[in-house]
Amino acid sequence: MSHMKLLRLFSLLLVISSCSVNEVLDDLEVIENPEIPEATMNETPCENGMAGDFPCSGYDLVGRIPISTFQAQSGNDIWGWTDTTTGKEYALMGLDNGIAFIDVSDSEYLVYLGKLPTATSSSSWRDIKVYQDHAYIVAEANNHGVQVFDLTRLRNVANAPQTFSEDGRYTAIGNAHNIVINEESGFAYPVGTDRNDVFNGGVHFLDLQNPKVPIAAGGWGENGYTHDAQVVTYTGPDADYAGTEIFVGANEDQVVVVDVSNKNNPMELATLPYPNIGYTHQGWFTEDQRYFILGDELDEVNSGFRSRTLVFDMTDLDNPVLHDTYLGPTSAIDHNGYVLGNEFFLANYTAGVRVLDISQIEGKNISEIGFFDTYPSDDNTLFDGVWSVYPYFESGKILVSDINGGFFIIKKSN
């Protein structure tokens with residue numbers, strides 16, 4: 001039994017010894033109030049298409065924390081950190097006014113450890129990535145820069161929830177929409193910075209050799225503003241680029257492919273046009289790096305598509321081609337998507353998290369195999385509901401951030 005459970009039991013015995021039944025019930029309500037740092041997981045299986053109040057297929061609700069608990073107005077990005085020393089898993093959830101840290105290791109309780117406030121002002125857009133036990137945070141807030149937080153501080157948090165302070169801050173950029181990290185090379189890539197900066201709002205290169213003190217190492221802005229990106233050390237089928245560092249950017253009206261191995265001399269390889277461009281938003285490589293799966297954030301709004309996911313064949317990095325187009329079952333807007341094995345986890349705003357089977361992607365056969373809808377009121381073409389999803393914990397717990405509803409954990413049904 002955990003120390004928190006013992007404290008709860010002791011407190012309840014004291015209450016029973018000195019209070020009426022009604023007072024006991026009142027105290028129980030206080031104990032279970034979601035505003036306290038520890039919240040019961042309340043695992044709810046997906047049965048007959050519902051997990052409690054939430055439509056689902058093949059995925060159970062493990063637990064949730066409402067946005068109000070974080071003293072925030074809205075949620076945005078989500079990422080995860082596994083402490084390799086302790087084996088514990090932590091969620092890092094972006095908020096309009098900071099970052100929330102949640103210990104999700106206990107099978108029965110979520111522990112809200114505290115929040116790192118925004119470096120300057122609030123913003124609806126905040127993004128987090130992790131490298132060598134440090135979190136790197138950017139926001140669309142003036143003069144925010146890149147906050148650095150040492151995640152090992154989460155191992156021993158007393159009096160949760162705490163208000164944390166940053167451990168470092170890179171201020172040579174101001175606002176940024178997103179940050180990308182290639183953990184193999186040790187470089188971070190803030191994107192979506194000021195359109196009038198030296199790289200035209202494209203990508204800045206930051207050397208993370210000293211994790212707390214990022215160092216400027218160049219950038220790329222020849223293709224204009226970069227909204228989001230993925231950077232990989234390339235192991236895909238194009239032998240011409242084996243071992244190089246490849247940047248694939250979602251640049252509003254096109255996808256760009258750049259060899260960024262030489263930080264002093266990046267080389268553009270290709271641009272990827274496609275039909276009915278609304279807003280080229282975000283994408284992710286399949287694990288064999290043959291295909292790049294892309295979402296366009298405004299094609300549902302502008303062209304009336306059902307949720308559209310585009311697949312590019314990247315066998316030849318100098319000449320990628322559109323391979324396939326998948327249309328989802330609803331008209332909800334697609335947002336961030338991530339690959340794990342033969343599955344693609346898509347944050348689909350009002351339609352929740354949709355899970356696609358991509359095992360037959362070569363044969364142009366993509367199908368939905370599960371979902372969990374954290375926004376049950378509708379599947380309309382609106383910017384509400386799920387912002388992002390993190391499916392990479394070894395435990396199988398999947399982190400979900402909902403703009404309106406807050407923090408969720410789901411897992412595949414048995």
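Trainee: Is asparagine 276 buried, partly exposed or exposed in this model?
Mentor: The model is predicted. Asparagine 276 lies in the loop between strand S21 (267-272) and strand S22 (280-285), and its phi is positive, about 55 degrees, although it is not a glycine. Buried means under 20% relative accessible area and exposed over 50%. At 43% relative accessibility, asparagine 276 therefore counts as partly exposed.

Trainee: Where is asparagine 143 found, and what is its relative accessible area?
Mentor: Asparagine 143 is found in the loop between S10 and S11. That hairpin has six residues between the strands. Asparagine 143 is not a glycine, yet has a positive phi of about 60 degrees. The residue is exposed because the cut-off is over 50% and its relative accessible area is 59%.

Trainee: How many residues of strand S11 are buried?
Mentor: S11 covers residues 146-150 and is mostly covered. On one side Val146, Val148 and Asp150 are buried, and on the other side Gln147 and Phe149 are buried. Both faces of the strand are thus accounted for, and the count of buried residues is five of five.

Trainee: Which residue of S11 is the bridge partner of tyrosine 136?
Mentor: Strand S10 (residues 134-139) runs antiparallel to S11, and four bridges join the two. Within S11, the bridge partner of tyrosine 136 is valine 148.

Trainee: Which residue of S13 is the bridge partner of valine 146?
Mentor: S11 is also joined to strand S13 (residues 168-170), by three bridges in the antiparallel sense. Valine 146 is among the buried residues of S11. Its bridge partner in S13 is tyrosine 170.

Trainee: Which residues are joined by a cis peptide bond, with omega about 0 degrees?
Mentor: One partner, proline 161, lies in the loop between S11 and strand S12 (162-163). The cis bond, with omega about 0 degrees, joins proline 161 to alanine 160.

Trainee: Which strands stand at the edges of the six-strand open sheet?
Mentor: The sheet has the order S2-S3-S29-S28-S27-S26, with antiparallel pairing. Two of its strands have a single partner strand each, so one side of each is left without a neighbour in the sheet. These edge strands are S2 (50-51) and S26 (337-340).

Trainee: Which residue of S27 is the bridge partner of glycine 337?
Mentor: S26 pairs with strand S27 (residues 343-347) in the antiparallel sense, over four bridges. In S27, the partner of glycine 337 is leucine 346.

Trainee: What is the radius of gyration of the chain, and what would a compact globule have?
Mentor: The chain has three helices and 32 strands, and its C-alpha trace spans about 75 × 50 × 35 Å along the principal axes. For 414 residues, a compact globule would have a radius of gyration near 22 Å. The value for the chain agrees with this, at 22 Å.

Trainee: What share of the residues of the chain count as buried?
Mentor: The accessible surface comes to about 16600 Å², with 48% of it belonging to carbon and sulfur atoms. Of the contacts with a separation of 6 or more, 51% are between residues 24 or more positions apart. Of the 414 residues, the share that count as buried is 57%.

Trainee: How far apart are the mean positions of the positive and negative charges?
Mentor: The chain holds 21 positive and 59 negative charges. The mean positions of the two sets are apart by 4 Å.

Technical notes. Residues are numbered from 1 along each chain as its sequence is written. This is a predicted model: local features need pLDDT of at least 70, side-chain atom pairs count only at pLDDT 80 or more; totals for chains, interfaces and linings use all residues. Side-chain values use heavy atoms; hydrogens and water are left out. The radius of gyration is taken over C-alpha atoms; the globule rule is 2.2 Å times the number of residues to the power 0.38. Buried means under 20% relative accessible area, exposed over 50%, partly exposed in between (1.4 Å probe, protein chains only). Contact means heavy atoms within 4.5 Å. Accessible areas come from the Shrake-Rupley method with a 1.4 Å probe; for residues, only the protein chains shown count as cover. Lys and Arg count as positive and Asp and Glu as negative; His and the chain ends are not counted. The place of a charge is taken as NZ of Lys, CZ of Arg, CG of Asp or CD of Glu. Two strands pair if DSSP finds at least two bridges between them.
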